Amino acid sequence: MTAVLEASRLEKRYGSDVAALRGVSLSIEEGELLAIVGPSGSGKSTLLHVLGTLERPSSGTIRIDGHPASELTDRALAALRAHAIGFVFQQFFLLDGRSARDNVADGLLYTGLPLRERRARAEETLREVGLGPRLEHRPNQLSGGERQRVAVARAVVGRPRILFADEPTGNLDTQSGQGVVSLLRELNRTGTTVVVITHERELAESLPRRVELRDGLVELDTKQAA
């Protein structure tokens, strides 16, 4: 299979004495579903930011969808994120005064598509995540699980090659969290590469591949151990 993301010897330092990542290498193949798990302070959130090109590594290289991300300009990185990467965070980051449809359509703002097409794609994606009857609802009219589904729809409306989900169940009750995990599994079955960053070991162990971080290092990768 083709690697959609390849990271080699990633280091991330803050100041002279704080090393959040200490030589992480990771290859993620197209269509994988995996968890990056670790305790607080292990480096998993930093790794998300670096792999997702939200922060640059202090050293090391990253290739995403064949592009040398660690060598690109800020403008080129923004363009890469717009077409290749989607993000879902623990906080929903939805705009209260806008409908579910328009919140999702905002995920296409930087594509140059006209508003009518952005809204049409948003409606299609909301139906795919089971929110067809909620198109015009605003965030305060939705449950926590529904708001996270809107956030997922916004992340995937541009059909990214890889989706990073950072603690996607952290603000949800058990039933809503299970619904979001089922949605991520369904997205993966339809071809999206999904990386879940979590501290929940039970969730991590339920996914096909588990990468465990501790003190900025990969302690276990079940793909390599298999």
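Me: Which strands does helix H1 lie across, and at what angle does it run to S1?

Reply: In this predicted model, helix H1, which covers residues 44-51, lies across S1, S2 and S4, and its direction makes an angle of about 120° with S1.

Me: How are the strands of the sheet ordered, and which of them are the edge strands?

Reply: A sheet is read by following the pairing from strand to strand, and here four strands form an open sheet in the order S2-S1-S4-S5, with antiparallel pairing. The edge strands are S2 and S5, the latter being residues 67-68, since each of these pairs on one side only. Between strand S4, residues 59-64, and S5 the antiparallel pairing runs over two bridges, and Ile-64 has His-67 as its bridge partner in S5.

Me: How many bridges join S1 to S2, and how many residues stand between these strands in the hairpin?

Reply: Nine bridges join S1 to S2, which covers residues 18-29, and the two run antiparallel; Ala-19 in S2 is the bridge partner of Arg-13. The hairpin has three residues between the strands, and in the turn Gly-15 has a positive phi of about 75°.

Me: Is Leu-10 buried or exposed, and what is it in contact with beyond its neighbours in sequence?

Reply: In a regular strand the side chains alternate between the two faces of the sheet. Leu-10 is found in strand S1, residues 3-14, and it counts as buried because its relative accessible area is 0%, where buried means under 20%. Leaving aside neighbours within four places in sequence, the contacts of Leu-10 include Leu-21 and Val-24, as well as Leu-47, Val-50 and Leu-51. Thr-61 is also in contact with Leu-10, and although these two residues are 51 apart in sequence, their C-alpha atoms are 6.5 Å apart in space.

Me: Where is Glu-167, and which side chain of opposite charge is nearest to it?

Reply: Glu-167 sits in the loop between strand S7 (162-166) and helix H6 (174-189). Glu-167 is buried yet has no salt bridge, and the nearest side chain of opposite charge is Lys-44, at 4.5 Å. Lys-44 is also among the residues in contact with Glu-167, as are Gln-90 and His-199.

Me: How many aromatic pairs are found in the whole structure, and how are the rings of Phe-89 and Phe-93 arranged?

Reply: The search finds three aromatic pairs. One of them joins Phe-87 and Phe-89, which are stacked at 5.8 Å centre to centre with 10° between the planes. The rings of Phe-89 and Phe-93 have centres 6.0 Å apart and planes at 80°, so this pair is edge-to-face. Ring pairs link Phe-87, Phe-89, Phe-93 and Phe-164 into a cluster.

Terms used: Residues numbered from 1 in each chain as written. Predicted model: local features only at pLDDT ≥ 70, side-chain atom pairs only at ≥ 80, totals over all residues. Heavy atoms only, no water. Buried < 20%, exposed > 50% of the residue type's maximum accessible area, 1.4 Å probe, protein only. Contact = heavy atoms within 4.5 Å. Pairing = 2+ DSSP bridges. Axes fitted to C-alpha atoms, helices over the stretch in contact; angles between N-to-C directions. Lys, Arg positive; Asp, Glu negative; His and termini not counted. Salt bridge = Lys/Arg side-chain N within 4 Å of Asp/Glu carboxyl O. Phe/Tyr/Trp six-rings, centres within 6.5 Å; stacked < 30°, edge-to-face > 60°.
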